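Please open the structure in your viewer and keep the sequence beside it, since this tour moves from one selection to the next.

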Amino acid sequence: MNINQALSQNEVKQLQEKDLNLIWHPCSQMKDYETLPPIVIASGKGAELTDVSGQTYLDCISSWWCNLHGHSHPVLNQAIADQLAKLEHVIFANFTHEPAIELAERLVALTPAGLDKVFFSDNGSAAVEVAMKMSFHYHQQNGQPNRRRFAALEDAYHGETLGALSVSNLDLYSQVYKPLMLEVLRLPAPDCYRCAYNECRETCDAPCFEKTHAVMLAHQEELSAILVEPLIQCAAGMKIYPPIFLKKLSEAAKAIGCHLIADEIAVGFGRTGTLFACEQATISPDFMCLSKGLTGGYMPMSVVMTTQAIYNGFYDDYNRHRAFLHSHTYSGNAMACAVALASLKLLETEHTLEKNATKGQLLHTLVKKAAESHLNVGEVRSIGMLTAIELVTDKVSKTGFASEQRVGYQIYKKALKKGLLLRPLGNVLYFLPPYCVTEAQLEQMVQICFECLDDFLAEQKNL
């Protein structure tokens, strides 16, 4: 099909029917698709997507938080084309290639000091499980066999394969699978909007960490690693917390001898205003998991960064039991490495983070202004290129809308009709656009979002 030629309504319907006859979409109740069929995208450019009927959509969520520089970026397109002409993929056991070597070198230089080894995988959940296995295996063969348990924060999200799901804590995704999951120690998490200490996110010393620390100390002999989403618990509703909490968590993990696994899959590569969120807490974790924006949103790939000391714990004369026997068919994919390198270069040459500081502030200002007199916006919270609003039925009690009202889904449907791809998280609406977004597009995103919110609320009053 010529992407420049819009299809008729009947042709679009035929494509949608084929899709629904064949495809099971992720994170979806497929019955919803009976009234909201899948939108068939034909092309993308910058912060916009165009469907086969010619309708355009502003990608407010960077296509599930992974697209950094915009769709169909000419530099990234060329990087893949150039690499494809040379090598598409090769087994990564006992083989390697220049793009992987160069990418590993760049990542070691860019990530916090001490993360000197790079293990390639192919998605975020796999990276989390690689880090968990490495941590457990390291302790088992280095004199600490009792360290068999993992800890993670309340409301955590680290992926949806069984191991990653075990360390997550959102029942929407995990409740039915609990009989299959690991027994994970759950640590009290900061909730800055509903702070029990009446502190302010921007100025507090994280007194809430005392409860977290107490649970850690009670189980210090059995902990292999603690997993954390640095600065933002994304799937929990873009819950932003201060760097001091992360700093204290890192210091406490080190003190009790367990590893810290920083899951920067969603927040790495500039989303929080710094290249990596850990920088804002001046910490260097034992493991750092990266994916999503790693390839600029172009190809599936992930890496686990770790230390020389952990690497040395597996290094031995031929001993299969001390080696880390974990693999993925597409580990170190050459095309993914090439586009990741091009993405990193764009961040540097286009001074993206500096430009994002201005765009991020504008986004915050626009949302804050739109929300300032809104009775149902409980909080506007921002960090870097993310701004989120939490909807409430009452600002004093901070009570959210009931789940059966499906607030996010209703607003999502309305936004699509107005050309905005906005995918809320329950009662939380958020803006996480590609870095190429223009000021005019930011204004359009915020305007459409609040129009849809007001339409929804007006309907609720009339029920």
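The stops below go from a helix to salt bridges, cysteines and loop residues, and the model they describe is a predicted one.

Begin by selecting helix 3, residues 74-84, and colour Leu76, Ala79, Ile80 and Gln83, which are buried. These residues cover an arc of only 90 degrees around the axis, so they sit on the same side of helix 3. Now add helix 4 (98-110) and helix 11 (334-349) to the view, because the buried residues of helix 3 pack against them.

Stay with those two helices and select Glu348 and Arg106, whose side chains meet in a salt bridge with an N to O distance of 3.6 Å. Glu348 belongs to helix 11 and Arg106 to helix 4, so the pair ties together parts that are 242 residues apart in sequence. Arg106 is partly exposed, with a relative accessibility of 27%.

This pair is one of 16 salt bridges that the structure holds. For another, select Glu390 and Arg194, where the closest N and O atoms are 2.8 Å apart. Glu390 is in strand 14 (residues 386-391), while Arg194 lies in the loop between strand 6 (185-187) and helix 8 (209-218), and the two are 196 residues apart. Is each partner buried or partly exposed? Glu390 counts as buried at 11% relative accessibility, whereas Arg194 is partly exposed, with a relative accessible area of 33%. Extend the selection to Arg201, Glu379 and Arg381, as salt bridges with shared partners join these residues, Arg194 and Glu390 into one network. A further salt bridge to display is that of Asp316 with Arg322, whose closest N and O atoms are 3.4 Å apart; Asp316 is partly exposed at 44% relative accessibility.

Next, turn to the cysteines, and note that the structure holds 0 disulfides. Select Cys27 and then Cys234, which has the cysteine sulfur nearest to that of Cys27, 14 Å away. Likewise, Cys436 is in no disulfide, and the nearest cysteine sulfur, that of Cys60, is 13 Å away. Both can be looked for from outside the model, since Cys27 is partly exposed at 43% relative accessibility and Cys436 is partly exposed at 29%.

Finish with two loop residues and their backbone angles. Ser72, in the loop between helix 2 (62-65) and helix 3, has a positive phi of about 50 degrees although it is not a glycine. Lys292, in the loop between strand 11 (287-290) and strand 12 (302-306), is not a glycine either, yet its phi is positive, at about 40 degrees.

Conventions:
Residues numbered from 1 in each chain as written. Predicted model: local features only at pLDDT ≥ 70, side-chain atom pairs only at ≥ 80, totals over all residues. Heavy atoms only, no water. Helix = DSSP H or I, 4+ residues; strand = E, 2+ residues; numbered from the N terminus. Buried < 20%, exposed > 50% of the residue type's maximum accessible area, 1.4 Å probe, protein only. Arc of directions from axis to C-beta. Contact = heavy atoms within 4.5 Å. Disulfide = S-S within 2.5 Å. Salt bridge = Lys/Arg side-chain N within 4 Å of Asp/Glu carboxyl O.
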